[in-house]
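Me: I'd like to learn how to read a structure like this one, feature by feature. Can you walk me through it?

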Amino acid sequence: MTLVLNDEQRMLSDSVQSFLEGCAPVAHLRKLRDARDATGFSPALWRDFAGQGYSGVLVPETHGGLGLGVVEAGLISERLGHTLTPTPFLSTAVLAAWVISRAGSAAQQDRLLPAIAAAETVVAVAVDECSKHRPAVVATRAARDGTGFVLDGSKLFVLDGHVADTLVVAARTGPEALTLFLVDAGAAGLEIERTVMVDAHNAARLSLKSVRVGAEAVIGVIDNGGALLEQLLDVGRAVVAAQLLGVADEVFDRTVAYLKERKQFNRPIGEFQALQHRAAQLYCDLELTRAIVLKALQAVQKDATRARVLVSQAKSRACTTANRAVQEGVQMHGGIGMTDDLDIGLFMKRARVLQELFGDAGFHADRVATLGGY
Amino acid sequence: MSELEAFRADTRAWLEENCPEEMRRPVVKDADMCWGGRNPRFQSEAQRVWLERMTKRGWTVPAWPRAYGGGGLGKEEAAVLKQEMNALGCRLPLYSFGIWMLAPVLLKYGSEEQRLEHLPKIARGEIRWCQGYSEPNAGSDLASLATRAELVDDHFVVNGQKVWTSYADESDWIFCLVRTDSARKQAGISFLLFDMGTPGVTTRPTLLISGKSPFCETFFDDVKVPGRNLVGELHGGWSIAKYLLMHEREMISGIGSAVADKSAGQLAVESVGVDAQGRLLDLSLRSQVASFEVDEAAFAAWLQMTADRARRGEGHPAVASGLKYYGAELNKRRWELLAASGGADALEWEGSHSKDGEVTRTWLRSKGNSIEGGTSEVQLNVVAKHILGLPGA
């Protein structure tokens, strides 16, 4: 597989770019934030987004989607990193669409996939239970109750959980076994608390107290959710890495432009070698991140069970690169970089969230070591 | 089966039949590399045979035209050959500054007569070349070089000194930057080729901190060089010099990505050991090695992406500077980690246990990676100016 995009992929990326720059530039996020919008994203924009087909990127054509792959989902995610547009794309169109297409029953697919492609529903995925991403630690239990289950536990950092109609919940069904369940947001015993995050995107904390679900709520095979969850997370990680790349690219472009325009000591500050070298190093970081992210997306698309090392390499590297890009972005802009008026700070905030999401640089370096046998 | 797939099948069969078993083991020490030359030193009969067989097919330089000793393969076929050689683990039959550095220059700037004279000998590994660039007072500021070449009738008379001439003492010919006009800096430089056996050429090895070295100082004392050995225009050597440097950077940037026998993590396990969970006993080292392996994988992907872009005629030529910078720094990191993993073992300078301080010496040698072929700082200048378009760089 070559590490360049094909013509169709380039066209997709270009059309997403012109759509987002036209309808939802960074000012769009700023407006929602300043209005303290309760949803945190614009449902009208989300429908327009769906009108372009983007929300159905991973939904098979038989269910009204584009039937494309994880590489294409990554390209859309990357463009969302440039404009910071809040949408339920990651929760609903990537994670939920992938896991339901991959492992959902025919009834689940018929009910949810067309609705996802049409932006008629929001589906959120609930995995994390502690402040750091530790997917091995799932304490939420699902006890058998006749043919169904009773769920007890709590979840946090559930993206778009505050407006989700349906939740995908990972719960323990045995000492060594996990199962994924579809839970209706209105289910008795389920409490959802909206959390507004630093980047003005929204997530939720869930509390599950004796929440009853039927056997039809199981995604895939009972007790086999662990492997499915790891693949689902790897899809999410690769797509988040692509968004981190988009954030880093955008900050870098804006920063290099500023180095050329800002004058001090009667010359553009971009003439100073102290800044030039740091910018050139960042350029290298961005290029190698671009390469490893594309490679990871391709690997996940080909076979999500065999992409673990590449995904962790890509997510770890993307976190490091984006972190460096936003820090240099603020520093090289100087005082104005600290002001809320300038967009650079918004990119720093988004990068912070995306780094924590599904494991930061350290988590994934640790996974690389473990998988590498050391 | 497409033509290309048929070529792949034939190539694989030929390699399996003709590449000696010994030439399919990874290159780990200097003697594993065959450099050819008038007085070639073959490590083994297998090494000699491998060069001979590949030369016959023109596959030391598969994509060159046959008239120049190449294999006449198209880009796609050459890529297939490379893939099949990698798949079998075949060593390069010939390591050659002639192939990597001089040939691109001759193909772009040389006369047809020069190409026909030199390229076939390079392709067959008959003449080994060295590079006369740096001087005692011309390092990063290469264009300040002072070695003079005066045109007297139909020949040049060369006087001066070069430093860091890799393998000068084992090379047959030199490609050399000389000053032909002292009034102009860049515009007073010419690109000359001459035989290292010419009277007036002497070499002296340079000992490095690693205790050994392929480098020499090279002295020119009234060396007579035929006028036809000038490449390109008189005083037109600087653009040739830069073009060659670009190829040199591409070559060096591959160092960090060379498929090593074992990963840094595996090597650390062997020397440090693991706990009951299989984790490296030194947790700080473990996280450093893991970060390194992440960057190593990302750099390898960057090299692949650059090659894929080049095949589509895309990409910025100055990317070679970025790759050279990153590859050199990465290789230094690798050897810092291997030295740290080795602990007291990696302090040995002599002794059979450490193969005479192999790790120790390689760790020291790697420090030169970010100096030779243009320092890291110079590479960053190039990226800042030519790719990012920053002012005044």
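**Starting from a helix**

Reply: Sure, let's begin with helix H9 of chain B: 18 of its 24 residues are buried, so H9(B) is largely enclosed by the rest of the structure. Keep in mind that this is a predicted model.

Me: What span should the 24 residues of H9(B) have at 1.5 Å a residue?

Reply: For a helix check, compare the expected span with the distance between the end C-alpha atoms. For H9(B) the expected span is 34 Å, and the end C-alpha atoms are 34 Å apart, which agrees. Look just past the helix as well: Gly343(B) follows H9(B) and has a positive phi, near 55 degrees.

Me: Now chain A. How many of the 14 residues of H4(A) are buried?

Reply: Count them against the helix length, as before. In H4(A) it's 14 of the 14, so this helix is largely enclosed by the rest of the structure. H4(A) covers residues 70-83 and reaches 20 Å from its first C-alpha to its last, close to the 20 Å expected at 1.5 Å a residue. Just after H4(A), Leu84(A) takes a positive phi of about 55 degrees.

Me: Which domains is chain A divided into?

Reply: Start with the bounds, then ask who touches whom. Chain A has domain 1 (7-121), domain 2 (125-222) and domain 3 (226-371). The centres of domain 1 and domain 3 of chain A, taken over C-alpha atoms, are separated by 21 Å. Across that pair, 20 residues of domain 1 of chain A are in contact with 22 residues of domain 3 of chain A.

Me: Which helix gives the most to the side of domain 1 of chain A that touches domain 3 of chain A?

Reply: That's H4(A), with 10 residues. By class, this side of domain 1 of chain A has 13 nonpolar, 5 polar and 2 charged residues.

Me: And between the chains, how many residues of chain B are in contact with chain A?

Reply: Same approach: count, then trace the contributors. Here 41 residues of chain B are in contact with 32 residues of chain A. On chain B, helices H7 (264-272), H8 (283-311), H9 (319-342) and H11 (376-387) each supply at least two residues of the side that touches chain A. The largest share of that side, 17 residues, comes from H8(B). Sorted by class, the side of chain B that touches chain A has 23 nonpolar, 10 polar and 8 charged residues.

Me: How many helices and strands does the secondary structure of chain B come to?

Reply: It comes to 11 helices and 8 strands. For the overall form, try the radius of gyration: chain B has 22 Å, close to the 21 Å that the globule rule gives for 393 residues, so chain B is as compact as a globular protein of that length. The C-alpha atoms of chain B fill a box of roughly 80 × 55 × 45 Å along the principal axes. Of the 393 residues, 41% count as buried.

Me: What pLDDT does chain B average?

Reply: Chain B averages 93, and 97% of the residues score at least 70. Still, scan for dips: over residues 255-259 of chain B the pLDDT is below 50, though this stretch has 11 contacts in the model beyond near neighbours in sequence. Where pLDDT is low, the predicted coordinates shouldn't be read in detail. For the model as a whole, the scores are ipTM 0.96 and pTM 0.89.

Note on methods: Residues are numbered from 1 along each chain as its sequence is written. Chains are lettered from A and ligands numbered from 1 in the order in which they are written. This is a predicted model: local features need pLDDT of at least 70, side-chain atom pairs count only at pLDDT 80 or more; totals for chains, interfaces and linings use all residues. Two residues are in contact if their C-beta atoms, placed from the backbone, lie within 7 Å. Helices (H or I, at least four residues) and strands (E, at least two) are DSSP runs, numbered from the N terminus. Ala, Val, Leu, Ile, Met, Phe, Trp, Tyr, Cys and Pro count as nonpolar, Asp, Glu, Lys and Arg as charged, and the others, Gly among them, as polar. The expected span of a helix is 1.5 Å times one less than its number of residues. A residue is buried if 20 or more other C-beta atoms lie within 10 Å of its own, exposed if 12 or fewer, and partly exposed in between; C-beta atoms are placed from the backbone. Domain bounds come from an automatic or database domain assignment. The radius of gyration is taken over C-alpha atoms; the globule rule is 2.2 Å times the number of residues to the power 0.38. pLDDT is the predictor's confidence in each residue, from 0 to 100.
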